Amino acid sequence: MCWRRVPATGEDVAGLQQPDGSFAGDAWGEIDTRFTYCALLCLAILGRSSLINVPRALDFIARCKNFDGGFGCTPGNESHAGQVFTCIGALSLADGLHLVDRDLFCWWLCERQTKTGGLNGRPEKLQDVCYSWWCLSCLSILGHLHWIDREALTRFILDCQDEEDGGISDRPDDMADVYHTFFGIAGLSLMGYPGLAPIDPTWALPVEVVQRVKKRAEAAVAVVVDVGADMTATMGVAEDQSAKTPAS
């Protein structure tokens with residue numbers, strides 16, 4: 001990306017925020033907490049979080065919270081492990097974790113662990129490797145990773161690995177795919193599995209990559225400030241010249 005185009009990109013993302021604080025996914029207007037997380041992460045990467053109304057975004061997420069401590073895609077929708085990651089991730093990015101009922105919410109997450117060791121997304125649903133990320137990332141962000149049986153979950157993930165191609169599937173004996181391979185590896189990383197690089201639970205990227213991204217974001221902000229200063233100076237010179245030009 002050309003960092004001189006950061007203002008336009010940031011403004012495009014910020015323009016998707018709605019009056020109630022939520023974010024639409026595009027011009028068609030679908031509302032979902034997934035888009036709130038995506039918007040906040042985009043702006044964090046660009047160093048342009050100041051373009052949006054953060055308190056209003058936090059208020060929208062808080063209204064998506066349910067009696068069980070979890071979060072839905074919009075206010076009134078049921079809690080789902082995939083959606084709770086987007087909400088907790090967004091709250092983490094916006095310094096809004098004080099809005100989470102930590103013990104109640106983390107207990108709901110722990111109840112997602114089945115007898116197989118794997119995690120599901122909602123009560124009475126099958127376990128799936130992808131929830132190794134959706135659930136664990138939230139527990140990690142909130143400091144409650146020790147509340148689940150990590151050894152059992154590790155065994156479940158490894159049981160889902162294809163012995164021939166090495167990929168990971170949703171459940172044992174199913175076909176491996178890149179989606180579940182990523183979330184399986186990410187979940188193992190969060191649990192400190194040997195040989196894996198540490199992953200940031202909020203950004204869903206290796207910690208080392210997040211550090212580099214943040215440095216580039218800081219540099220981008222500096223470029224934006226410099227460009228703004230140059231434009232202001234240019235306009236000032238133009239105004240001075242206009243003032244000195246005698247009227248015809």
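What covers the buried residues of α6? This predicted model gives a clear reply: the cover includes α4, α5 (102–110), α7, α8 and β1. Let us begin with that helix and then work outward.

## Helix α6 and its surroundings

Helix α6 spans residues 131–141, and ten of its eleven residues are buried, so the helix is largely enclosed by the rest of the structure. The buried residues are Tyr131, Ser132, Trp133, Trp134, Cys135, Leu136, Ser137, Cys138, Leu139 and Ile141. After α6 comes glycine 143, which has a positive phi, near 75°.

Serine 137 is a good residue to click on here, as it belongs to helix α6. Serine 137 counts as buried because its relative accessible area is 0%, and the cut-off for buried is under 20%. Where does the side chain of serine 137 reach? It goes to the backbone oxygen of tryptophan 133, at 2.7 Å. Setting aside residues up to four places away in sequence, serine 137 touches Phe85, Leu190 and Pro201.

## Helix α3 and its buried face

Helix α3 (residues 54–63) has buried residues too: Ala57, Leu58, Phe60 and Ile61. Looking down the axis of α3, you find these buried residues within an arc of 155°, so they line one face of the helix. The general geometry helps here: an α-helix has 3.6 residues a turn, so residues three or four places apart point the same way. Which helices do the buried residues of α3 pack against? They pack against α2 (33–46) and α4 (81–93). Helix α4 is also part of the cover over the buried residues of α6.

At the start of α3, asparagine 53 places a side-chain oxygen within 3.0 Å of the backbone nitrogen of arginine 56.

## Histidine 180 and its partners

Histidine 180 sits in helix α8 (residues 178–190). Is histidine 180 buried or exposed? It counts as buried, because its relative accessibility is 10%. Its side chain and that of aspartate 128 are joined by a polar contact of 3.0 Å. Apart from its neighbours within four places in sequence, histidine 180 is in contact with Asp128, Val129, Cys130, Ile168, Ser169 and Asp170.

One of those contacts, Asp170, leads us to the charged pairs, since aspartate 170 and arginine 171 meet through their side chains in a salt bridge.

## Salt bridges

How many salt bridges does a search of the whole structure find? It finds six, and the table shows some of them.

| Salt bridge | N to O distance |
|---|---|
| Glutamate 30 and arginine 34 | 3.7 Å |
| Aspartate 32 and arginine 34 | 3.1 Å |
| Arginine 171 and aspartate 170 | 3.4 Å |

Glu30, Asp32 and Arg34 are joined into one network by salt bridges that share partners. The exposure of these residues is worth a look. Glutamate 30 is partly exposed, with a relative accessible area of 47%, and arginine 34 is partly exposed as well, at 39% relative accessibility. Aspartate 32, by contrast, is buried, with a relative accessible area of 5%. In the other pair, arginine 171 counts as partly exposed at 22% relative accessibility, while aspartate 170 counts as buried at 14%.

## A nonpolar patch on the surface

Now to the outside. Which residues form a nonpolar patch on the surface? Leu158, Ile185, Tyr193 and Leu196 do, and together they have about 290 Å² of accessible area.

Two members of the patch can be followed further. Leucine 158 lies in helix α7 (residues 150–159) and counts as partly exposed, at 32% relative accessibility. Tyrosine 193 lies in the loop between α8 and β1 (199–200), and tyrosine 193 is partly exposed too, with a relative accessible area of 32%.

Tyrosine 193 also links parts of the chain that are separated in sequence. Its C-alpha atom is 8.4 Å from that of threonine 154, although the two residues are 39 residues apart along the chain. Leaving out neighbours within four places in sequence, tyrosine 193 is in contact with Thr154, Leu158 and Leu188. Leu158 is thus both a contact of tyrosine 193 and a fellow member of the patch.

How values were computed:
Residues numbered from 1 in each chain as written. Predicted model: local features only at pLDDT ≥ 70, side-chain atom pairs only at ≥ 80, totals over all residues. Heavy atoms only, no water. Salt bridge = Lys/Arg side-chain N within 4 Å of Asp/Glu carboxyl O. Buried < 20%, exposed > 50% of the residue type's maximum accessible area, 1.4 Å probe, protein only. Patch = residues over 30% accessible without salt bridge, like charges linked within 9 Å, V, L, I, M, F, W, Y side chains within 5 Å. Areas by Shrake-Rupley, 256 points an atom, 1.4 Å probe, with all protein chains shown as cover. Helix = DSSP H or I, 4+ residues; strand = E, 2+ residues; numbered from the N terminus. Arc of directions from axis to C-beta. Contact = heavy atoms within 4.5 Å. Polar contact = N/O pair within 3.5 Å; in protein donor to acceptor, adjacent residues only side chain to side chain.
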